[in-house]
Amino acid sequence: MYVKPFEIGNVTIKNNILLAPMAGITDLPFRIICKENGAGLSFTEMASAKAIFYGDEKTKKLLITEGELGSIRSSNFRK
């Protein structure tokens, strides 16, 4: 495998090692550990767009990125 930077639109990601969004797995501590070990891009846990719209507190916690460095994306779904 070749580790190299890549671009998404006008954003350059430091390498092509990505952490996929996984419900119940990719919480903040896990994402930080993965970033410390080389992940170039990470995603939050999957969050319901409806829950975000209605301000659900549990869903807000899934999307916390405080203390996280680098490229972070959220993954949302709609029912």
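The following exercises, each with a worked solution, concern a predicted model of a protein.

**Exercise 1. Confidence**

Determine the mean pLDDT of the protein, and state which elements have the lowest and the highest mean pLDDT.

Solution. Begin with the whole protein: the mean pLDDT is 90, and 99% of the residues reach 70 or more. Then turn to the elements. The lowest mean pLDDT, 83, belongs to strand β5 (residues 71–77), while the highest, 94, belongs to helix α2 (residues 49–53).

**Exercise 2. Residue I8**

Locate I8, classify it as buried, partly exposed or exposed, and name its contacts beyond four places in sequence.

Solution. First, place the residue: strand β1, which spans residues 6–8, contains I8. Second, consider its relative accessible area, which is 45%. Buried requires under 20% and exposed over 50%; I8 is therefore partly exposed. Third, list the contacts: with neighbours within four places in sequence set aside, I8 is in contact with I13 and L41. Finally, a distance may be added: the C-alpha atoms of I8 and A51 are separated by 28 Å, and the two residues are 43 residues apart along the chain.

**Exercise 3. Residue E68**

Describe the position of E68, its exposure and the partner of its side chain in a polar contact.

Solution. Start with the position: the loop between α3 (57–62) and β5 holds E68. Next, the relative accessible area of E68 is 9%. Since the cut-off for buried is under 20%, E68 is buried. Then examine its surroundings: residues up to four places away in sequence not being counted, E68 touches L28, R31, I32 and S42. With R31, the polar contact is made between the two side chains, at 3.0 Å.

Technical notes. Residues numbered from 1 in each chain as written. Predicted model: local features only at pLDDT ≥ 70, side-chain atom pairs only at ≥ 80, totals over all residues. Heavy atoms only, no water. Helix = DSSP H or I, 4+ residues; strand = E, 2+ residues; numbered from the N terminus. Buried < 20%, exposed > 50% of the residue type's maximum accessible area, 1.4 Å probe, protein only. Contact = heavy atoms within 4.5 Å. pLDDT = per-residue confidence, 0-100. Polar contact = N/O pair within 3.5 Å; in protein donor to acceptor, adjacent residues only side chain to side chain.
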